[in-house]
Amino acid sequence: GVQWMLDLFRSDLCPLLNGKPKLFFLQACRGEKMDRGSSVAYDDSDSSGANQREASVQMSDDEYYQHVINQNYDDADGIKRVAPSASHADIFVGYATVPGYVSWRNSQNGSWFIQAIVKVFRMYSNREDLLSMMTKVNALVSKTFQSSSGANKAVPSQSTQLTKKFYFPNPNVRP
């Protein structure tokens, strides 16, 4: 597994990265199974309920907690920590496939996962957070890519302990 590598970046072992997002994108097989896919009718519309006002979750009257939860990573440097965070917090791992399955690549264009990340991040990184983009990567890989025989599919997988939304810095905006 990759846990030994991730452990090197825990905040108790690497305190200078405490509170900072640590992102890993792993293009590798995670087993030998092959996903034959299935024929499923699906709705392309956004299932997040964008057309409906989502119910807001009411927290306690602790305004500071509410403030911290709503912060984005690009705002995090201005927040003074009053309590230590969990040592495994703020780690994101994007895997090319789910546990037990092979990951795929095109011999000319490269891996399906990396192709999808590049395409999605180029289109959306200036306005969407990481997890929203990874959902798009999952959809792109699972719905558009297939092996040359047409018999195999794949879907990426993520493991996240992020504590805030993560946005990539916009290179067109100066700090």
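**Pairing and surroundings of a three-stranded sheet**

Lys22 stands opposite Ile91 in β3. In this predicted model, that placement belongs to the pairing of β1 with β3, which is parallel and extends over five bridges. On the β7 side, β3, made up of residues 91–95, is joined to β7 in the antiparallel sense over four bridges. Two residues of β3 illustrate this second pairing: Phe92 has Thr160 of β7 as its bridge partner, and Gly94 has Gln158 of β7. Strands of a sheet pair through backbone hydrogen bonds, and the pairing may be parallel or antiparallel.

Taken together, the three strands make an open sheet with mixed pairing, in the order β1-β3-β7. The edges are occupied by β1 (22–26) and β7 (157–160); each has a single partner strand, so one side of each is left without a neighbour in the sheet. On average, neighbouring strands of this sheet are turned by 10° against each other, direction ignored.

The burial of β3 was examined next. Five of the five residues of β3 are buried, so the strand is largely enclosed by the rest of the structure. In a regular strand the side chains alternate between the two faces of the sheet. In β3, Ile91, Val93 and Tyr95 lie on one side, Phe92 and Gly94 lie on the other, and all of these residues are buried, so that both faces of the strand are covered.

Two helices lie across the strands. Helix α3, residues 112–124, lies across β1 and β3 and runs at about 135° to β1. Helix α4, residues 130–144, lies across β1, β3 and β7, with a direction at about 160° to β7.

The loop between α3 and α4 contains Glu128. The relative accessible area of Glu128 is 17%, and because buried means under 20%, this residue is classed as buried. When residues up to four places away in sequence are not counted, Glu128 touches Met133, Lys136 and Tyr167.

Cysteine residues were also considered. The structure holds zero disulfides. Cys14 has a relative accessible area of 22% and is partly exposed. Cys29 is likewise partly exposed, with a relative accessible area of 46%. Both values fall in the partly exposed class because that class lies between the 20% limit for buried and the 50% limit for exposed residues.

Conventions. Residues numbered from 1 in each chain as written. Predicted model: local features only at pLDDT ≥ 70, side-chain atom pairs only at ≥ 80, totals over all residues. Heavy atoms only, no water. Pairing = 2+ DSSP bridges. Axes fitted to C-alpha atoms, helices over the stretch in contact; angles between N-to-C directions. Contact = heavy atoms within 4.5 Å. Buried < 20%, exposed > 50% of the residue type's maximum accessible area, 1.4 Å probe, protein only. Disulfide = S-S within 2.5 Å.
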